[in-house]
Amino acid sequence: MSFSFTKTHESVFDGMRYTSGTYANAGGSTGGDIRTGLEQIQGIMLQPKAAAVVAAAPVVNEVLPVRDPVTIVTGANEAGYWFAFGY
């Protein structure tokens, strides 16, 4: 069971920071922690990457706002994209 993530972009707009990247599960993994690089995460969006409709949407397993890292729960072996904003 392994979960991995990559941060691929970071920017600042109107005093708020934005980061984004990808996540992937393997070996039956169903989620893990994403380290966004933000001190306080105000919001995060998750989008699975799939060739067909996914049965269940990935979710954030936290109460926002939250300090880094943020824990997500996904379908087994799911891969996708994330976009977070905060300070």
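**Aromatic pairs and strand pairing**

Y23 is a buried residue, its relative accessible area being 2%, which places this tyrosine under the 20% limit that defines burial. This value, like those that follow, was computed from a predicted model.

A search of the whole structure returned four aromatic pairs. In one of these, formed by F3 and Y23, the ring centres lie 6.5 Å apart and the planes meet at 20 degrees, so the pair is classed as stacked. The two residues come from distant parts of the chain, with F3 in strand β1 (residues 2-13) and Y23 in strand β2 (residues 16-26), a separation of 20 residues.

Strand β2 also contains Y18, whereas F83 belongs to strand β8 (residues 79-86), so the aromatic pair of Y18 and F83 ties together parts of the chain that are 65 residues apart in sequence. This pair is likewise stacked, with 5.9 Å from centre to centre and 25 degrees between the planes. F83 is partly exposed, at 30% relative accessibility. Through ring pairs, Y18 and F83 are further linked with F85 into a cluster.

F83 also has a place in the strand pairing, being the bridge partner in β8 of M45. Strands β4 and β8 pair in the antiparallel sense, over eight bridges. Strand β4 (residues 40-49) is in addition paired with strand β6 (residues 66-67), again in the antiparallel sense and over two bridges, and here I41 stands opposite V66 of β6.

Technical notes. Residues numbered from 1 in each chain as written. Predicted model: local features only at pLDDT ≥ 70, side-chain atom pairs only at ≥ 80, totals over all residues. Heavy atoms only, no water. Phe/Tyr/Trp six-rings, centres within 6.5 Å; stacked < 30°, edge-to-face > 60°. Helix = DSSP H or I, 4+ residues; strand = E, 2+ residues; numbered from the N terminus. Buried < 20%, exposed > 50% of the residue type's maximum accessible area, 1.4 Å probe, protein only. Pairing = 2+ DSSP bridges.
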